Structure formats: C-alpha cells, structure tokens
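Trainee: Got a minute to go through this model with me? I'd like to pick it apart piece by piece.

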Amino acid sequence: MKVGFKRERDKRERWMPVMHGLAMMHGMDFFNFAEDNVDLENQTILGEYWDVGKGDFVEKLTPFSEIDIISDSRTWKDFGVRDQLRQAGIITTWVNLGGKTKVSRILQGTPLSGSFTQTYQMKDIAILEMIEKYGEIVVKPDDSSFGRGVRKISRLGPLFRLQLGDKTETLTMEQLLEKEREFKQQKFILQEYVHSRTLAGNPFDIRVYMMRGGENGDGKWVGLTPIPRIGNAGGLVSNTGVGGNANFYPVNFLKSEFGGAWQGIYEDISRLAYTLPRVLQRYYKSPLTMLGLDIGIDRRTHQLKLFEVNGSVHRTQYKAELCQNHINIWKFLYNRADSARLL
C-alpha cells in the first residue's frame, strides 16, 4: 500500500519522521508532499520519502497509478486538485461535512439535537429575535476555523455590546441593524452563547478527536485523549490558534473546575463522542474517518454543548496517538476498497 500525506500549509511537520517510521513498520510505502508538487498534466506527485540510511528526506516522483491513498484535510488551496486525484482512483480521507449549519440541521430530530449549539443562518432569523430568545448570542463565519471572526452580542438595556476578541464596542439599535446587514452580505451564522467558562472566567472547551481505524484497521471509532483548551481572560474563544492554551490533564482539569461532578461530565463527553460519528455517518455516502469535536460545558447547568464538528484531524498534542490511528484508518480504507474490488 502506498500512501501520500498532504502536508498542512506546505510545511514539513516535525512529527513526519515518526509517521514514516510507523508506516514502514506496517509495510506501507509512505511519502509526504506539498500541494504545489502535484503535477496534474503528467499525473505525478513529487513527494518526500524518509531515507533511513541518510536520516533525512529524499525526493521521488510517484505516478498517480502507484498511489492507493492520499491522507488529506480541508486545507487544500485548490479543491480541483483533490477532485482529480479522486478521479484517478486514489482514495482520499477527508469528507466535507458541509459547514456548521448543515451539521446542525442533520442533528435536529436525532437523540443529539439538544447537545448541539443552536445554530441558524442569518437569512433564517433576525439578530434581535436571537437575543430575545437566548439573551447572549454568537455571530461567526460559517466556514471559520481557529476561532477567527467570532463575535458575541449581548443586550445592555436599550443598547447592545459587541465583542470581538478582547475588544468591545457599544451599539445603538440602528448600529446593530447596520451590523446585521453587513453580516448578511457574508456567510455568517448565529448561535446561542454557552457559558463555558472556568472558575476564573476564561473561556474553555474540550477538544475530542475521533478516528475510525480501530485496532489494525477494523473500522471501529477510537477516541484520542480529550484536550481541554483554555482561552485568554476576557476573550471569547479557547482555540489555541488565537492564543488559547492546551491542558494535557483532562481529568485533573474537570476535577478542579467541577469538583465531585467531574466523573459524570467525563462520562457524558465520552458518550457524546462515541455516539456522534454513528449518527452523522447515516447522512454521508463516503465513510467518515476523522472528526474533531469542540465541546463546551455550561458552567451553570453542567450540560454539554457541541460548538463545532470538524471533518478532519490536523493538529493534536498527542502525536503518537495521531500517527498510529492514521495508520489504522489507511488500513481500514484500503481493506474496504479491496473488498469492493472483489465483489
């Protein structure tokens, strides 16, 4: 089996030698590549292979016909490249979930409907109606990543407060309606605001990665170690891409924040994480293989709220877990495709 790994943002990740070593241990021919190294005309990829003797990467040109799987994510600059790889018969791992509002609509009417943060498109509900319904709301781009562009709006008597990052401004009714018109011109969504904050007042969520590889590629969903992410005081989001910090001790974090209730919350997180993939899969033709769940915990009720579901796993502090589960996913997809060829 030959597997190509599309490097994120055209950078060679520091943990790539680990991935190469694991792949070789499992009998895989593995290389990584940048998107610009895909030659669609000649149907080749200039990839980097790990040379054990040299202890470094060596470049090698590989025809599409020799590649079984491309391990990728949503970071393609040109999705046409990815589509042509698929047309050439190469399996790709990323499935487009379709944005936050699509996932929200899917979960409506399922047992998980109450777990997902209530999400609306701007055309479906007015900002004022949302504020009346939830008191405080969040406005953000539907395709946002790394917590960018997230705004919070709350009412202050006849006025309104809009927060973006650590900056706030006070708006009149007329100014709020003008902001609403600006948001409608772009692809923004509205969500209820969840009081997922630490005792010290910092925003936080629990990032849970689910990967469908099981043991040795049997296709079962496996959860990576949950990672609490804590944002800056006064900020809105906990994403590490905008200044948040990861906590490597989820049990200790929950104990310190929720006392004796920690175990029930931890079990709820696990139950939600393992139920969601099976529910979502019913609505997608291609097999889902990776999901990133951002789970908030309402400080007042201890209720879990899914902020977001991503269709890829591109960054985690637990590199060994990540690498091994990538290997198992590739085995699962290869075996699945091989079985289909035999039918």
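Mentor: Sure, and let's fix one term before we start: contact means heavy atoms within 4.5 Å. Helices (H or I, at least four residues) and strands (E, at least two) are DSSP runs, numbered from the N terminus. This is a predicted model, where local features need pLDDT of at least 70, side-chain atom pairs count only at pLDDT 80 or more, and totals for chains, interfaces and linings use all residues. Residues are numbered from 1 along each chain as its sequence is written, and side-chain values use heavy atoms, with hydrogens and water left out.

Trainee: Where is confidence lowest in the protein?

Mentor: We go by pLDDT, the predictor's confidence in each residue, from 0 to 100. The protein averages 88, and 92% of the residues score at least 70. Strand β3 (residues 38-39) is highest at 96, while the lowest mean, 76, belongs to strand β17 (residues 245-246).

Trainee: Which elements do the buried residues of α7 pack against?

Mentor: Buried means under 20% relative accessible area, with exposed over 50% and partly exposed in between (1.4 Å probe, protein chains only). In α7 (262-281), the buried residues include Trp-262, Ile-265, Ile-269, Leu-272 and Leu-280. They pack against α3, β14, β15 (221-223), α6, β18 and β19.

Trainee: How many residues of the largest nonpolar core come from α7?

Mentor: A nonpolar core is a set of buried Ala, Val, Leu, Ile, Met, Phe, Trp, Tyr and Cys residues joined through side-chain atoms within 4.5 Å. The largest one has 32 residues, and among those touching the most other members are Ile-269, Leu-280 and Ile-297. Elements giving two or more residues to this core include α3, α6 (250-258) and β18 (290-297). The largest share comes from α7, with 8 residues.

Trainee: What span does α7 reach from its first C-alpha to its last?

Mentor: The expected span of a helix is 1.5 Å times one less than its number of residues. With 20 residues, α7 has an expected 28 Å, and its span is close to that, at 30 Å.

Trainee: What is the strand order in the open sheet of 6 strands?

Mentor: Two strands count as paired if DSSP finds at least two bridges between them. Strands β9 (residues 136-141) and β10 (residues 151-156) are antiparallel over 4 bridges, β10 and β11 (residues 159-164) share 6, and β11 and β12 share 5. The whole sheet has antiparallel pairing, in the order β8-β13-β9-β10-β11-β12.

Trainee: Which are the edge strands?

Mentor: Look for strands that pair on one side only. Those are β8 (119-121) and β12 (167-171).

Trainee: Which residue takes a positive phi in the hairpin of β10 and β11?

Mentor: In the neighbouring strands, Lys-152 stands opposite Gln-163 in β11. That hairpin has 2 residues between its strands, and the positive phi, near 65 degrees, belongs to Gly-157.

Trainee: And in the turn between β11 and β12, which residue has a positive phi?

Mentor: Leu-164 stands opposite Lys-167 in β12. This hairpin also has 2 residues between its strands, and the one with a positive phi of about 65 degrees is Gly-165.
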